[in-house]
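Student: Please take one part of this model, examine it closely, and then set it against the rest of the chain. I should like the cut-offs behind each term to be stated.

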Amino acid sequence: MDGIRVTVNGQVRGGDGAGPHTRLLDWLRAEGLTGAKEGCAEGECGACAVLVARPDGAGRSRWTSVNACLPPAAAFDGQEVVTAEGLGSAGGAGAGERLHPVQREMAQRGGSQCGYCTPGFVCSMAAEYYRTERDASGASGAGARVQTGTAVTGEEHASDHECGPNGFDLHALSGNLCRCTGYRPIRDAAYALGSPEDADPLRRRQEQPAPPARPTRLSADGAEFVRPGSLEELLEHLERTPDAQLVAGATDAGVEVNLRHARPPLVLAVDRLAPLRTLEVGAERIEIGAALSLSEIERGLAGRVPLLDQLFPQFASRLIRNAATLGGNLGTGSPIGDSAPALLALDASVVLASARGEREVPLAEYFTGYRQTVKETGELLRAVRIPLPLAGRTAFYKIAKRRFDDISSVAVGVAVRLDGGTVTSARIGLGGMAATPIRARTTEDTLTGRPWTRETVAAAAAVMAGEGTPIDDLRASARYRSAMLGQALLKFWAQTPSAPDPEVPR
């Protein structure tokens, strides 16, 4: 094809100005839309945030905020994007006023100083402004539990008071950093927002389906971007070019392009392929497609997996979760990916697909070395499966220098089953403690078959402190990491009631 075509602020733009590795941010700025800025090139500051129309059930769409500095522009071929420049004219502003309600509140309450980060804040705030669940929860009060998608996070976060009296989830802005204004006036602007008017074009746009993904092929400078039209076509490409770069949310691949100047000869977009976007809850298992974003998983599960509900708010930021996928997080083989410890505790498995067929592998056997997995040539991770019923007692602990939007020093997922006060099974997943995510099998064996008492847990915590092969690095020392393991298990016991196992949603 000659180039991409993207509807930006209601106008179709395109041509041959985008190559396979041209970022959405660079393409937008070349089109004269310079509101979005580059701050970190890693997806951590949000200065580049824009809105994208994404599917939201049958016949509806949802305005979703994403970082423009990470994904390739070609991934938005045929899609619909709104930038900060387009909010005023598209968001119900009258003929004599071009400010969107979000922009107006930011201006009136002093939410902008140098202005560098403001367009990104405005786009993230607008995504939350249009979140349909916010209207339903708007009367919940400032002391309500944090609303994330349609799910509500655990009690440990209930005292944060992060949800405003208008139902605005302040965590929607967790991926946006301000360097000079301060966050109080920005929060005030968010909490002052009402509901979108019925005539608001962007609100009405959500009542229509999102643009379907269309097959795309773009070549330039010896590289090629391909969005296959089917899973079979994708697997054929992967069989012929096994070192092709798979891209869904690009939250990891985009960093490689930006900071390490990676330029893979073939990029395969997998984010909109239906077989990779399943979410099925059956009698024996839950299957989650590898290309569903974490935000989509959170909304779709709606609290059915309490352990994942504890993981989601600690996984990077809302901007990242709107794009990141389980397939990408597990596919990199990183020892500090946040999802692996939680999924190991859930005894999950992965479905690997190739042109030769599919196979299911327990996640505990999936990682083989530092950023290495059992995936064979031509294979990709199609789905994650979680067996049912779930354990009644679960927790996820992340130890990091920052409370949110940070890489973990140590991550711990725990799932314990009791019968009459005795531990019948224990699954503990660890991140940051070895070259791969691991199960704390010796600790699991120490707990299993013993009474759920302080003495049992203290003995198991001493064992757990010796699990793995931690190292000293910039995030933490090996000694600190080991100490945190034992403390995490003691904390889990202190937060766990001695009553029979609670009934877990199915």
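Tutor: A residue is called buried when its relative accessible area is under 20%, exposed when that area is over 50%, and partly exposed in between, with a 1.4 Å probe and protein chains only. The model is predicted, and local features are reported at pLDDT of at least 70, side-chain atom pairs at pLDDT 80 or more, while totals for chains, interfaces and linings use all residues. Residues are numbered from 1 along each chain as its sequence is written, and side-chain values use heavy atoms, with hydrogens and water left out.

The part chosen here is an open sheet of four strands, in the order 19-20-21-22 and with antiparallel pairing. Its edges are strand 19 (393-399) and strand 22 (438-439), each of which pairs on one side only. Two strands are taken to pair if DSSP finds at least two bridges between them. Strands (E, at least two residues) and helices (H or I, at least four residues) are DSSP runs numbered from the N terminus.

At one edge, strand 19 runs antiparallel to strand 20 (residues 410-419), and seven bridges join the two. Within this pairing, Ala-395 has Val-414 of strand 20 as its bridge partner. At the other edge, strand 21 (residues 422-431) pairs with strand 22, again in the antiparallel sense, over two bridges. Here Leu-430 has Ile-438 of strand 22 as its bridge partner.

Strand 19 deserves particular attention. Seven of its seven residues are buried, so the strand is largely enclosed by the rest of the structure. In a regular strand the side chains alternate between the two faces of the sheet. Strand 19 is covered on both faces: Arg-393, Ala-395, Tyr-397 and Ile-399 are buried on one side, and Thr-394, Phe-396 and Lys-398 are buried on the other.

The approach to strand 19 holds a backbone feature of its own. Between strand 18 (380-387) and strand 19 there is a loop that contains Pro-389. The peptide bond from Leu-388 to Pro-389 is cis, with omega near 0°. Most residues other than glycine have a negative phi, and most peptide bonds are trans.

Two further loops contain residues with a positive phi. Arg-371 lies between strand 16 (367-369) and strand 17 (372-373), and its phi is about 55° although it is not a glycine. With 40% relative accessibility, Arg-371 counts as partly exposed. Ala-250, in the loop between strand 10 (245-247) and helix 9 (253-259), has a positive phi near 60°. The relative accessibility of Ala-250 is 6%, which means that Ala-250 counts as buried. A glycine may be set beside these: Gly-110, just after helix 3, has a positive phi of about 70°. Helix 3 itself (residues 101-108) has Pro-101, Val-102, Gln-103, Glu-105 and Met-106 as its buried residues.

Elsewhere, Gly-289 belongs to strand 13 (residues 285-289) and, at 0% relative accessibility, is buried. Contact is defined as heavy atoms within 4.5 Å. Leaving aside residues up to four places away in sequence, Gly-289 touches Leu-276, Arg-277, Thr-278, Arg-382 and Ala-383. From Gly-289 to Ala-274 the C-alpha distance is 8.7 Å, with their positions 15 residues apart in sequence. Arg-203, in helix 7 (residues 201-205), touches Tyr-130, Pro-196, Glu-197 and Asp-198 when residues up to four places away are again left out. Arg-203 and Val-267 are 64 residues apart in sequence, and their C-alpha atoms are 34 Å apart.

For the whole chain, the secondary structure comes to 17 helices and 22 strands. Of the 506 residues, 58% are buried. Among contacts between residues at least 6 apart in sequence, 65% join residues at least 24 apart. The C-alpha atoms fill a box of roughly 70 × 55 × 45 Å along the principal axes. The radius of gyration is 23 Å, in agreement with the value near 23 Å for a compact globule of 506 residues; the radius is taken over C-alpha atoms, and the globule rule is 2.2 Å times the number of residues to the power 0.38.
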